[in-house]
Amino acid sequence: MEPELTRRNVAIGVAAVAGVLLLLSATVAVAYDSPRVRSTESQFGTVTAEASAVDTTIVVRNPNGVAVPGGVDLQYTVSLNDVRVARGAESGVDIAPGNNSIETNATFDNGKIPAWWVTHINGNETSTMTTTADVGVAGLPVGPTLTVERREIETDLLGPLAAENASRMSLNDTDLLVIENQTGRWGEADDQRTPLVVSNALRNVHDRPVEIDGTDYEIRMNGVVVGEGETTNGVALAPGESTTYDVRAVIDTQRMQRWWVSHLRNGETTDLTIEVFAVAVVDGERERLPLTVYERQAVFETDFLDTGETSVRVVGDGSGSNASFARPTVRNSTSAWGEVRDDETEVRTTVRIDNPTDEAYADLLALVVDQRTTIAGVTASEGTERVEDLPRGSGTVEVTSTMPHSVVPEWWAAHLENGERSRSRTELDADADAAVTTLPVDLPDRNSTVETDTLADLDDDSTRAVESEETGRRLLTVHSTSAEYVDPTPERATIVVRADLENDNPLSSVTIRDVDYTVALNDVTLADRTAPETHTLDPGERRTVEFTLVLNNSRMAAWWPTHVRRNEVSTLDRSATATVETGGDTERVELEFLSTDRTVETDLLAD
């Protein structure tokens, strides 16, 4: 692909000189035989940033017994696709009888490499090298300009860098994309830019979407970065989906001069590396990922001054190298109530994780946690939280969801319907967000059961008395009580109390009416009403009567924050009074068998 000054070029140039000398010798002395070139040897000499020396030794055999009179002047140029890249000159060269070693020196203008590169690429990596020579003999008119050689030079840099074998973009044990049929093609080059398009057939073999927001590429030749930049065309593939993805890179044409200098200094050998990394948008910023879409290493060799041949060989399998990635693992999790506000309560879950992620991914990895807590089948809280700064190694992360107090009446109704028993379940689903895709992270669900017994005092087989507060005499005997919630709803909870009552007075009946009752949890009033029933027991009669107590379940939303603030401990206050008529007397009497003052405890987020 590079311009070349071959020994054959110079040899042909000298042969042309010899031909002119032969013609001249016919004028000077008919007895002259034609001098001949015996051998040539050329090599690059001193290489600077601007120019490279081409040193050539030419051995010319003069079979005549006398020297060529006055010597020979030699000027020659080398062009690549009409771009003049080298010029050399020698004056008054004496050609004595026998073998003559002629030392020549040409200057290769390194600054012309970018211009030649443009013509070479736009000509499908084909160049024509033309060597011309001007010859003359001192004292005689200058001879003609002779075209010594036209040689076609072809390269195929992109061919060996293509790959039909499939490679994979992977996160350790998880394959994301299969990359096949990778090819490259040149765009139209100019003095500033040489476009290079790398096409890739992508197929999503992951069970989740894979998205790339662009690429970050770098092209190096002997460590000289000849092309670098970022592309913004992205691609998103659903599981099983395929597409062709083009990466449009650009080589800085002017940097090809620096490459040429490194190429000569490295013995006409170039280590070529092309790397194309995936780019993802992370926290609003475009970040280069340690995941290669395309990666090739090749060794490129030339022999400018001898055979003129070029060769390219690929190094390695071209599969690229992806950074080591290990998804986080979860050891356990715990939940606790957080801040209690007027309308909602936080649920804070602490997740203990092991994060062995490679350093290259440390700042790119995020953990997305979905948390859902149900109590008695009612969704109490749910939310999704993204944790950006994961700890290295072992550590903890905290995610927060909220429980609106408006769901408490619904939960409490379900709790009562289930015999004051609730199954609490916290479901945690987590994904490791690796920028281009997500990977599931196993999080165990937590289950617990919560039981209360707000009617415990109403399920009593002991014998108790209803006594006059004025005289202290027994008005009724309570042999036992039982109670149950009937058809609770988020709006109301109905308690039906059954009391086994006996009128011990053999002479007078007893009537109970106007049963006023109050029920409160932590001073939040759930009921302040009058039971609708009136019961009369004849003298000596014993029977079971019912009292209906109705609670305002919607008030449980107001109760809940008081309960959490007291570490899930509440005080239940229930009191009842009634009007009792017997023997012509009427008085208000406290019904202790319907009253209580007790503690209600829960631990809804326990493991």
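The following questions and answers go through the fold, one sheet, a hairpin, salt bridges and backbone angles of a predicted model.

Local features need pLDDT of at least 70 and side-chain atom pairs count only at pLDDT 80 or more, while totals for chains, interfaces and linings use all residues. Residues are numbered from 1 along each chain as its sequence is written, and side-chain values use heavy atoms, with hydrogens and water left out.

Student: How many helices and strands does the protein have?
Tutor: Helices (H or I, at least four residues) and strands (E, at least two) are DSSP runs, numbered from the N terminus. For this protein they come to six helices and 36 strands.

Student: What share of the 607 residues counts as buried?
Tutor: Buried means under 20% relative accessible area, exposed over 50%, and partly exposed in between, with a 1.4 Å probe and protein chains only. Of the 607 residues, the buried share is 50%.

Student: Which strands stand at the edges of the open sheet E13-E12-E16-E17-E18?
Tutor: Two strands pair if DSSP finds at least two bridges between them. The five strands of this open sheet pair in the antiparallel sense. Two of them have a single partner strand each, so one side of each is left without a neighbour in the sheet. These edge strands are E13 (224–231) and E18 (310–315).

Student: Which helix packs on this sheet?
Tutor: The helix touches strands E12 (214–221), E13, E16 and E17, where contact means heavy atoms within 4.5 Å. Its direction makes about 140° with that of E13; axes are lines fitted to C-alpha atoms, for helices over the stretch in contact, and angles run from 0 to 180 degrees between N-to-C directions. The helix is H3 (residues 256–265).

Student: Which residue in E17 is the bridge partner of Thr270?
Tutor: Strand E16 (residues 269–282) and strand E17 (residues 285–302) pair in the antiparallel sense over 13 bridges. In E17, the partner of Thr270 is Phe300.

Student: How far apart in sequence are Glu230 and Arg286?
Tutor: A salt bridge is a side-chain nitrogen of Lys or Arg within 4 Å of a carboxyl oxygen of Asp or Glu. The side chains of Glu230 and Arg286 meet in one, at 2.4 Å from N to O. Glu230 is in strand E13 and Arg286 in strand E17, which places them apart by 56 residues.

Student: Is Asp500 buried or exposed?
Tutor: Asp500 forms a salt bridge with Arg542, the closest N and O atoms being 2.7 Å apart. Asp500 lies in strand E29 (residues 492–502) and Arg542 in strand E33 (residues 542–552), so the pair ties together parts 42 residues apart in sequence. Arg542 is partly exposed at 47%. Asp500 has 14% relative accessibility and therefore counts as buried.

Student: Which residue in the turn of the E27 and E28 hairpin has a positive phi?
Tutor: Strand E27 (residues 464–467) and strand E28 (residues 474–486) pair in the antiparallel sense over four bridges, with Val466 opposite Leu476 in E28. Six residues lie between the two strands. The turn residue, with a phi of about 80°, is Gly472.

Student: Where is Glu125 found?
Tutor: Most residues other than glycine have a negative phi. The phi of Glu125 is near 60°, a positive value. At 5% relative accessibility, Glu125 counts as buried. Glu125 is found in the loop between helix H2 (113–122) and strand E6 (126–137).
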